[in-house]
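User: Could you take a close look at one part of this protein for me? I'd like to see one buried or exposed side chain in its setting, and then what lies around it.

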Amino acid sequence: MADGALRRRLRAVPHKMLVRGGVLGALAALGHPPFDLWFFTLLGFAAAFYQLIRVDAGRLAFSLGLGFGTGYFALSLNWIVEPFFVDPWRHGWMAPFAITFLAAGLGLFFALAFWSAKRLSVAGGAVVLTLTLTEVIRAYLFTGFPWAMPSYVLIDQLVAQGAAFVGPHGLNLIFFAVAWTLAWAVFSGGRRDVWTLAALVMIAGLAVPVAPPAPVSTEARPVVRLIQPNAPQHQKWDPRYAGIFFERMVKFTRSGEERPDLIVWPETAVPVWLHNAANTLGIISGAAGDVPVVLGINRAEGSRIYNAAILMDAEGQVAQTYDKHHLVPFGEYIPLGDLLSKIGIQGLASRDGGGFSRGVGADVLDLGVLGKALVLICYEAVFPQDVRAAPERPTFILHLTNDAWFGNFSGPYQHLDQARMRAIESGLPVLRAANTGVSAVIDAKGRVLDALPLNTEGYLDVTLPNAFPETPYAKVGDILIIVLVVLLLLTALLLHHRKTH
């Protein structure tokens, strides 16, 4: 009887660890917008690492990591339910399944990191390396999904400027190391004073905020007008409202005595297809006068469709077209749809109109006196590699997005923070035109210089900030961090092997 009770208690432990990890994960998610409590993210990871030190079995470490990751992503990615409530009567029932499966699926990355760290002797801090590596894998696997990366909570701290050298994954490594040091300071017993001092020094380093931007002369600098129509997603394509939003953007394009050097409309701003848009583009050109316009519009080539951005020159002609190449899986296309069509499963292939087709790749628009702009459409701003894929170094990044899909609570603000991180990594300013907000001008240090609030209609005339010299991260990307982490993990594996044999 006693043995049976003991076995039942042991079987229950992973479930308790799963719940405990979930609570700590939710705590760690509070560092992301709209909460922006970065210190809670540090505490959440430190507490999870402390629990990892104390467990003595790989299955418990796996349960802790799975619970922690699930809780972390369930709260930080809560905006994922918003698209399902654009048409709630048809799609609302899917929202709980979407957030549950996504959070648990991403939580598996944390579970793998915690389990493998325990197998490598966690006392050596291997989880710092395994978690860094699994975050790299999450950023690239199956086209990647690096949203809610832990290092993004540091965007307003001075340490975030290190992304210009080591990128977001290097910042992850630093952040996890600080959290581990804090956890070990609590656990280390007789050596507590040394570890506590180290933890306090490292936390103090994280706490230093980035300096506010100094006033700069705007004379002789190009001016860009960012248009924000504030079209709610459930009304954006409704014929009763689409004309209202279009007229609003035309009015903002025409407004003001001082004319800008460029006018930017957000993603899919034009409510007609490009091949049917001659009259529509003529209206826009008339409102813009001799000012070039970059705008988002859908276009088709045969049965293929594209989420595009076009440059209309001063004469109102389409001078250049860019097609979004990093598409949203299940949102803009069905993964493996083209392959499935070959075995008789029809209707999912992008080549047959079953979703958007990807463009040929990153490209820049030649904007004359403004220089050259790397266009990122919505989701593409999530990926550092999409910025580095530019065929030449641009003068600035131009981000066209429709964040109405993301709701009003967290998604738009998290998307803004990721655009800010792209600025730091590349040393390039970012101009952001968002349908419902937040439209903003971001300098090369990731600081928001001016912005239109969420759910506000209007326009913003902004001076184009200067770019910095090309950053080390822009030159080499993630390869150095990946090599460093892999070498350290191999060293840890070798030491573990020697210790156990």
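Here is a walk that starts at Arg 299 and moves outward from there.

Analyst: A word on the ground rules: this is a predicted model, so local features need pLDDT of at least 70, side-chain atom pairs count only at pLDDT 80 or more, and totals for chains, interfaces and linings use all residues. Residues are numbered from 1 along each chain as its sequence is written, and side-chain values use heavy atoms, with hydrogens and water left out.

Let's start with Arg 299, which sits in strand 3 (residues 293-301). Strands here are DSSP runs of E, at least two residues, and helices are runs of H or I, at least four residues, numbered from the N terminus. Arg 299 has a relative accessibility of 11%, so it counts as buried; the cut-offs are under 20% for buried, over 50% for exposed and partly exposed in between, with a 1.4 Å probe and protein chains only.

What does its side chain do in there? It makes a polar contact of 2.7 Å with the side chain of Asp 323, and another of 3.0 Å with that of Glu 301. A polar contact is a pair of N or O atoms within 3.5 Å; within protein, one must be able to donate a hydrogen and the other to accept it, and residues adjacent in sequence count only if both atoms are side-chain atoms. Setting aside neighbours within four places in sequence, Arg 299 is also in contact (heavy atoms within 4.5 Å) with residues including Trp 273, Leu 274, Tyr 306 and Thr 321.

Now the sheet. Strand 3 belongs to an open sheet of six strands in the order 5-4-3-2-1-12, with mixed pairing. Strand 5 (318-323) and strand 12 (458-463) are at the edges with a single partner strand each, so one side of each has no neighbour in the sheet. The twist averages 35 degrees from one strand to the next; axes are lines fitted to C-alpha atoms, for helices over the stretch in contact, and angles run from 0 to 180 degrees between N-to-C directions.

Strand 3 pairs with strand 4 (residues 304-312) in the antiparallel sense, over nine bridges; two strands count as paired if DSSP finds at least two bridges between them. Right after Arg 299 in the numbering, Ala 300 stands opposite Ile 305 in strand 4.

On this sheet, helix 10 (residues 239-254) lies across strand 1 (223-228), strand 2 (262-264) and strand 12, at about 160 degrees to strand 1. Helix 10 also gives the largest share of the lining of the largest cavity, namely three residues. That cavity has a volume of about 80 Å³, and its lining includes Trp 237, Phe 245, Met 249 and Asn 435. The whole structure has three cavities of 30 Å³ or more. A cavity is a set of points on a 1 Å grid over the protein atoms alone where a 1.4 Å probe fits but cannot get out, and lining residues have an atom within 4 Å of a point. Grid points are joined across faces, edges and corners, and the volume is the space filled by probe spheres set on the points.

One last stop, past strand 5: Phe 330 lies in the loop between strand 5 and helix 12 (337-342). Its phi is near 70 degrees, a positive value in a residue other than glycine. Phe 330 counts as exposed, at 65% relative accessibility.

Terms used. 1 Å grid on protein atoms, 1.4 Å probe; cavity = no way out; pocket = protein on both sides within 12 Å on 5 of 7 lines; lining within 4 Å.
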